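Grab a coffee and work through these short exercises with the model open. Each one has a task, then a solution in steps.

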Amino acid sequence: MAEYNFREVEQKWQKYWAEKRLYKTENTSDRPKFYALDMFPYPSGAGLHVGHPLGYIASDIVSRYKRLKGFNVLHPMGFDSFGLPAEQYAIQTGQHPAITTEQNISRYKEQLKNIGFSFDWDREVQTHQPDYYRWTQWIFMQLFNSWYNNDSDKAEPIESLIAQFEKNGNEGVHAVCDDDTPAFSATDWNSWDEEKKLTILLHYRLTFPSEAVVNWCPALGTVLANDEVKDGVSERGGHPVERKKMKQWMMRITAYADRLLKNLEHLDWSESMKDMQTNWIGKSFGCELQFGVQNSNRVLTAFTTRADTIYGVTFMVIAPEHEWIDELTTEEQKATVDEYVTAAVNRSERERQMDVKSVSGVFTGSYAINPFNNEPIPIWVSDYVLAGYGTGVVMAVPSSDDRDYRFARHFDLAVRLVIDGTQDMEDPTEKKHGIMINSGILDGMDSRDAIKKAIDHAEQQGFGKAKVNFKMRDAVFSRQRYWGEPVPAYFKGDIPYLADEQDLPLELPAIDQYKPTETGEPPLGRAKDWTYQGYPLELTTMPGWAASSWYFLRYMDPENDKEFASKEATGYWGQVDLYLGGTEHATGHLLYSRFWNMFLYDRGWISHEEPFKKLINQGMIQGRSNFVYRIKGSSNLFISRNKLTLLQNLFQNQKRPELESEINKVNEKLGASYFGGDGQLLIISGEELVDDISIAHKNYSIANVTPIHIDISLVKNDILDVDAFKDWQVGSKDAIFILEDNNEYICGYEVEKMSKRYYNVVNPDDIIERYGADTLRLYEMFLGPLEQFKPWNTNGIDGVFKFLRKLWHLFHNNEGDFIVTDDQPANDELKVLHRTIKKAQDDIENYSFNTSVSEFMICVNELTAMKCYKRAILKDLVVIISPYAPHIAEELWHRLGNEGSVTQTVFPQFNPSWLVESEHEYPVSVNGKMRAKMSFPLDMPHEDIEKQVLASEAIQKWLGGKDPKKVIVVPKKIVNVVV
């Protein structure tokens, strides 16, 4: 073929890879292993846009490179296929979400295969399939049957806890458990009936049902995790979210908080990602202090990291959700408190945490007693205190805490200074440490020493104790939805029991509708006989993060029907060596998967504690949107971007003659045709008319236009296809355009999120159809560093497309004849090749893909200029490029006469000797002006360089027969002849 026929070549090799199952991976090998994984996608109905494959392409390049380097590579793909969109569609249409999901998966797989990924499709997982979620249910059951032993610092079987209870009660048991867990003896335990024992065990189990304040979204009919709520609305769909107490299954992730934090330092993750998880876990050291309530037997417990400031406490603040709020509110304050609480509890915790500027609250009417000085202090309620963090009570020290200070100033509450040096400060909270003042037994001490003394005093007096606190809370593990994993638990009264393992999977039942029941129960309440051994089954389903918390393990052994994965498979593959995905999963999936992996490690089912060794968060490919500018006052009059800018600038700069001339041009083109008679179009700028320009009966302002998003498929290089625009939507058929002088309409543009609502989604299928998959792969890498956000601009893709055609023409002449020779390569050619080998190798090892694409272009340009068609050079070049552009590489590899796939060969060995320079090209100047360039061996003595320079004809003519005063030779730099 004379020109490169990418469609024919790509279809040919994709078929070959599939038929040969070229990327099938075995679980045993003498070669070193490499596990490359992308965060698997939810298969939405919209399919992929060009932003989605960015990380997939990067991981595929690494996977192909590692195979060439002799690794046994696991590079799988699957689908996180339980999700809200399919269920919302089911609610609207009645179509079972499985049908929608499987149609979407089919579409995704087609798109992924068209891009040429080296996925081992034999290992595909789909989380909505019973043979997958059987094991999600099994892991849930193991969590239910486990507790966390602080002595061994790991999860253990619940039977070992029961054995301790039978022998000693819970005395001496150091477990992670509920704060309200009662103390009991062995006698107590052994005397209790089954129901009482099981109730006690719920205080210890790693998953358990509990009343919890949750993010309830009525529109979606489900509870959302904190990371799924943004600014008081659901992240998906933007629906209002309210705070509500509901019975939920919980996961005791807090048991792992310390390990999740400590292990971060050993992970090859970005510092920003580690910071996000560190802040979310939120470990702090301090103490709990007990404040009695005046005229009540209630005691409020507050956690503080600054016990030294106890004498500066001038008020208490409790969370709006606090369980004693009604009891603490006096009759006089009840109406005010009730109104405030109703508004406050409907704001999400994330929103309340982020809102650091607003100040709001109300006085309950009650007072607490400071245990250090017995001073009564007012109790307020404010939404900046969270029920789930610490105790839901804050001892407010306005002289030391910024938020307390603003609260006190806003409500005119007392501010007592306790750090010396703050007396003359406008904002005393700026000084965090110093000598204590106005602080009773702590006076005169350094604040750092005073912290310990205050805690010791509280413990000695019995109204406080040292404590480590975490901001992270236990995770909600229930969704009031149909489309999710059924929870394998049934109830006898209020006590949960597990189904037998032999009865797994517990499959989703058929129901008539996919919305909650008329009585408000989850959709599973509609199922007929949703029972187990005659007892009611759990009606909620598992959350979206359940399946993704262990899928990376199932890839290791996806056909195993005896266990989630064999010890041999998990022992061989171990950690994921390279994990790619977005930063939006920092406090969701990436924490939950670490938690589940640690649990499975503790219980001995896997041999690695952390799931992901190296994590790369790829940036987002942003869309490049296009706009047309509609003149306000008109429904169908659009002005081109440059024409608009010109008219506005002429008006603003008061260039009246030029403005009149431009407007008259517009009127000549549009006036009569637009108004259908002898009237003319008058365009004005600003509020006042420009006089004596025309006699129109309508006025439009070019200073006031509305930019309107349009489909980018109607635009090429920002030039609008006006006929296509008129056919685009019903309302655009009568569009009138004020064009540029060359009769083109130039659109505006902006870089923003790629989204259907902005009409800026670029379908990879369209790019592949027009340019080919290899062009798409190379271009996505060429756009910029992997971790950075960058705009998609199809205008720049032609350069990559041309590069592949240039590469093709190193092997073929214009008639399509194969022109590769067996001639021996020259030194310059070997130098270009080995420079490219080194660059490609170093870049892939450092995950810096964009600069390799540039190097490939330079290499091909240089070899083309050298007319290098030599097999010894081109064979290695094909291998180097193959991870990035596998289709053309396979075709060229085959045409070079090689057997099998280019994937099965070896990456070329870099020889550094070819990059060692033997000579240097010197610019030669005469009296500071460059007159020639001359090359000399690097080891040539200065005297010899001087002789050759002076003897050259190029320099002689500038000397004019004169003897030079001196010749300056700067090694590897310049030669300067001074006359």
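**Exercise 1.** Work out whether Cys859 is buried or exposed, and why its sulfur makes no bond to the closest cysteine sulfur.

*Solution.* Start with the cut-offs: buried means under 20% relative accessible area, exposed over 50%, and partly exposed in between (1.4 Å probe, protein chains only). Cys859 has a relative accessible area of 0%, so Cys859 is buried. Next, look for a partner: a disulfide is a pair of cysteine sulfur atoms within 2.5 Å. The closest cysteine sulfur belongs to Cys868 and sits 8.7 Å away from that of Cys859, which is too far for a bond. Finally, the whole structure holds zero disulfides.

A word on the ground rules: this is a predicted model, where local features need pLDDT of at least 70, side-chain atom pairs count only at pLDDT 80 or more, and totals for chains, interfaces and linings use all residues. Residues are numbered from 1 along each chain as its sequence is written, and side-chain values use heavy atoms, with hydrogens and water left out.

**Exercise 2.** Classify Cys287 and Glu946 by accessibility, then place Glu946 in its helix.

*Solution.* Cys287 comes out at 1% relative accessibility, so Cys287 is buried. Glu946 comes out at 30%, so Glu946 is partly exposed. Helices are DSSP runs (H or I, at least four residues), numbered from the N terminus. Glu946 falls in helix α30, residues 942-951. As a last step, check Asp193: its C-alpha atom is 105 Å from that of Glu946, with their positions 753 residues apart along the chain.

Technical notes. Helices (H or I, at least four residues) and strands (E, at least two) are DSSP runs, numbered from the N terminus.
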